[in-house]
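Me: Could you take me through one part of this model up close? I'd like to look at the nonpolar surface patch and what surrounds the aromatic side chains there.

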Amino acid sequence: MEYIAVLAPSVVVGLIFWFAMKSIFNADKSERRAEARAQAEADSRNSKMAGGDTPAE
């Protein structure tokens, strides 16, 4: 029983850290998806305004 009392605080702090990092990474992933979606919409809007043609090189 002494071992549990000694290890419990470290395990709890480790779990809190793991959940915090997981939520940060999930938020970052969602933000990157939203940014990519917004960029794709802006690109498609710009290509429609330009006539849909890409300049020939």
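Reply: Happy to! A quick definition helps first: a nonpolar patch here joins side chains of Val, Leu, Ile, Met, Phe, Trp or Tyr that lie within 5 Å, taken from residues with over 30% relative accessible area and no salt bridge. Keep in mind that this is a predicted model.

With that in hand, the patch consists of Tyr-3, Val-6, Leu-7, Val-11, Leu-15, Trp-18 and Phe-19, and its area is about 820 Å². Let's settle on Phe-19, one of its members. Phe-19 sits in helix α1, which spans residues 2-49. Its relative accessibility is 51%, and because the cut-off for exposed is over 50%, Phe-19 counts as exposed. Trp-18, also part of the patch, has a relative accessible area of 47%, so Trp-18 is classed as partly exposed.

These two side chains have something else to show. Searching the whole structure turns up one aromatic pair. That pair is Trp-18 with Phe-19, with 4.9 Å from centre to centre and 65 degrees between the planes. Since planes over 60 degrees apart count as edge-to-face, the Trp-18 and Phe-19 pair gets that label.

Helix α1 also carries a charged contact, between Arg-32 and Asp-28, which are four residues apart, about one turn of the helix. Their side chains meet in a salt bridge, at 2.9 Å from N to O, and the structure holds one such bridge. Arg-32 is exposed at 58% relative accessibility, while Asp-28 is partly exposed at 36%.

Notes. Residues are numbered from 1 along each chain as its sequence is written. This is a predicted model: local features need pLDDT of at least 70, side-chain atom pairs count only at pLDDT 80 or more; totals for chains, interfaces and linings use all residues. Side-chain values use heavy atoms; hydrogens and water are left out. Patches are made of residues with over 30% relative accessible area and no salt bridge: like charges are joined within 9 Å, nonpolar side chains (Val, Leu, Ile, Met, Phe, Trp, Tyr) within 5 Å. Accessible areas come from the Shrake-Rupley method with a 1.4 Å probe; for residues, only the protein chains shown count as cover. A salt bridge is a side-chain nitrogen of Lys or Arg within 4 Å of a carboxyl oxygen of Asp or Glu. Helices (H or I, at least four residues) and strands (E, at least two) are DSSP runs, numbered from the N terminus. Buried means under 20% relative accessible area, exposed over 50%, partly exposed in between (1.4 Å probe, protein chains only). Rings of Phe, Tyr and Trp (its six-membered ring) pair if their centres lie within 6.5 Å; planes under 30 degrees apart count as stacked, over 60 as edge-to-face and the rest as tilted.
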